[in-house]
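Colleague: I should like to learn how to read a model of this kind, beginning with the overall form and ending with a single residue. May we take the features in turn?

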Amino acid sequence: MKIIILGAGQVGRSVAESLASEANDITVVDTQARLLKDLQEHLDIRTVQGHASHPGVLIEAGIEDADLILAVTNSDETNMVACQIASTLFHTPTKLARVRSNDYLRHAGVFSDKAIPVDYIISPEELVTTFIRHLIDQPGVLQILDFVDGKAQLVAVRAYYGGPLVGQSLSSLAQRIPGVEARIVAIFRRDRAIIPDGGSVVEADDEVFFLAAREHIPAVVSAFRRSERPYRRVIISGGGNIGKRLAASIEGRYHTKIIEIDASRCRYLARTLEQTVVLNGDAADADLLREEDIADTDVYCAVTNDDEANILSAMLAKRLGARKTLCIINRPSYVDLAQGTAVDIAVSPAQATIGSLLTHIRKGDVVSVHSLRRGAAEAIEIIVHGDRNTSRVVGRRLSELELPSGASIGAIARGEEILFPGKGCVIQADDHVILFLADKRQVPSIERLFQVSFNFI
């Protein structure tokens, strides 16, 4: 595909890195020469310096024959105008825009062919909020992602000494949690992917990825680590867009406090949040954290726009007794450095966003894509079409499929039923197939496998 990415920030850079490795023709546009030079030194892509919504700049970037424009600058208005120009002047087939303001999102009529022609809206704040809320709802997990409208979830969990299945083969999972169906799709051991079978043995410190129905997640997690009591008390550092969204989404179920240093923002938060305690102060103030019972806090979430402030305040909260610390980190180089120290979970907004973008770029009828392990792995939900004559998967047993190395089918959604199929299961048309790819470089092979031949109507 010929793709133009507007904006070379963290989201734009992450998408460019992901797509450039898949033989796409990528051009990145930004006003900052430094960011573009850095991209060119690391990736085989074109760059154009200029304002992303100017027609002349878009022409220089190749908009006249582009397949897709991805507008992810820091300005909602620039992104929207760029999509308008791409549609009106150049008839670009697919237009995606990053839109952060709720004022735009709450009015459905803003984005349509008769108004601003954006085909798909990407809201990183909404995606990150959902990501963090899942982590709060399911104690003990590292990552939890939705498939089939949330009916099935892909979960990453760290195996610890004392977990019932640690030191045991996966074939004993059914005995450990009778009546619960789940599928272990991958184990990462010292950053090396293992595609498991029934004889695979789980070791302490393994990162285990499994698929299960939403209601069965706690039972499966308990097989790999001691069960954690549910969270009750949450402190959020930062009252920006993400902090406010997160507080609003959990305040009815958790005792929630939010710390914000700007007094006027605090007054706004106090007016708009119903059950959250709003505190005007500095989250790096140890005395303030002690006064707010940080030692009795279950989850401390640092969600400001400052990576260093998030990391340091999370480290302070952990030292003062917070049970779990979670912080947003935008710089990729900081993620590995921070996670697993005083920061229990590091959340990358760019990685949380990239899956939503890839959903609209992948070939085939793709419902959802999730980027895993900082872009190295991927999970895909794809709808199967065709019949035995026009498809290489319909009417065939799983054992007959020529899956690439490192790929596995974790679950199949058929109507309202979630199946965790054996090798004898036959794929049917309209099945939603959830695949795990330990190596995202195998994506083109998966796309070809599920492609319908041209004589299918």
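The dialogue below moves from the whole chain to a sheet, a helix contact and one residue.

Modeller: Please keep in mind that this is a predicted model. The protein chain has 15 helices and 22 strands.

Colleague: What radius of gyration would a compact globule of 457 residues have, and what does the protein chain have?

Modeller: The general idea is to set the value for the chain beside the one expected from its length. A compact globule with 457 residues would have a radius of gyration near 23 Å, and the protein chain, with 23 Å, agrees with that expectation. Along the principal axes, its C-alpha atoms fill a box of roughly 70 × 60 × 40 Å. Of the 457 residues, 55% count as buried.

Colleague: What share of the contacts comes from residues 24 or more positions apart?

Modeller: One counts contacts by how far apart the partners lie in the sequence. Among contacts in the protein chain with a separation of 6 or more, residues 24 or more positions apart account for 60%.

Colleague: Let us turn to a sheet. In what order do the strands of the open sheet of five strands lie?

Modeller: One reads a sheet from neighbour to neighbour. Here the order is S18-S19-S22-S20-S21, and the pairing is antiparallel. Strands S18 (366-372) and S21 (417-419) are the edge strands, each pairing on one side only. From one strand to the next, the twist averages 15°.

Colleague: How many bridges join S19 to S22, and over how many do S18 and S19 pair?

Modeller: S19 (residues 377-383) is joined to S22 (residues 432-437) by six bridges, and these two strands run antiparallel. S18 and S19 also pair in the antiparallel sense, over six bridges. The register can be read from individual residues. Glu378 stands opposite Leu437 in S22, and Ser371 stands opposite Glu378 in S19. For Ile380, the bridge partner in S22 is Leu435.

Colleague: Is S19 largely enclosed or open?

Modeller: The test is to count the buried residues along the strand. Seven of the seven residues of S19 are buried, so the strand is largely enclosed by the rest of the structure. Ala377, Ala379, Glu381 and Ile383 point one way, while Glu378, Ile380 and Ile382 point the other way, and all are buried.

Colleague: Which strands does H14 lie across?

Modeller: H14 lies across S18 and S19, and runs at about 150° to S18.

Colleague: At what angle does H14 pack with H6?

Modeller: For a pair of helices, one reads the angle together with the axis separation. H6 (residues 124-137) and H14 (residues 349-359) pack at about 105°, with axes 9 Å apart. The two helices are therefore roughly perpendicular to each other. H6 contributes Pro124, Leu127 and Val128 to the contact, and H14 contributes Pro349, Ala352, Thr353 and Ser356. By type, the residues of this contact divide into five nonpolar, two polar and no charged.

Colleague: Let us end with Thr353. Is this residue buried or exposed?

Modeller: One compares the relative accessible area with the cut-off for burial, which is under 20%. Thr353, in helix H14, has a relative accessible area of 1% and is therefore buried. Not counting residues up to four places away in sequence, Thr353 touches Val11, Ile122, Pro124 and Leu127. Thr353 and Val128 are 225 residues apart in sequence, yet their C-alpha atoms are 7.6 Å apart in space.

Notes. Residues numbered from 1 in each chain as written. Predicted model: local features only at pLDDT ≥ 70, side-chain atom pairs only at ≥ 80, totals over all residues. Heavy atoms only, no water. Axes fitted to C-alpha atoms, helices over the stretch in contact; angles between N-to-C directions. Helix = DSSP H or I, 4+ residues; strand = E, 2+ residues; numbered from the N terminus. Parallel < 35°, antiparallel > 145°, perpendicular 65-115°, else oblique. Contact = heavy atoms within 4.5 Å. Nonpolar A, V, L, I, M, F, W, Y, C, P; charged D, E, K, R; others polar. Pairing = 2+ DSSP bridges. Rg over C-alpha atoms; globule rule 2.2 N^0.38 Å. Buried < 20%, exposed > 50% of the residue type's maximum accessible area, 1.4 Å probe, protein only.
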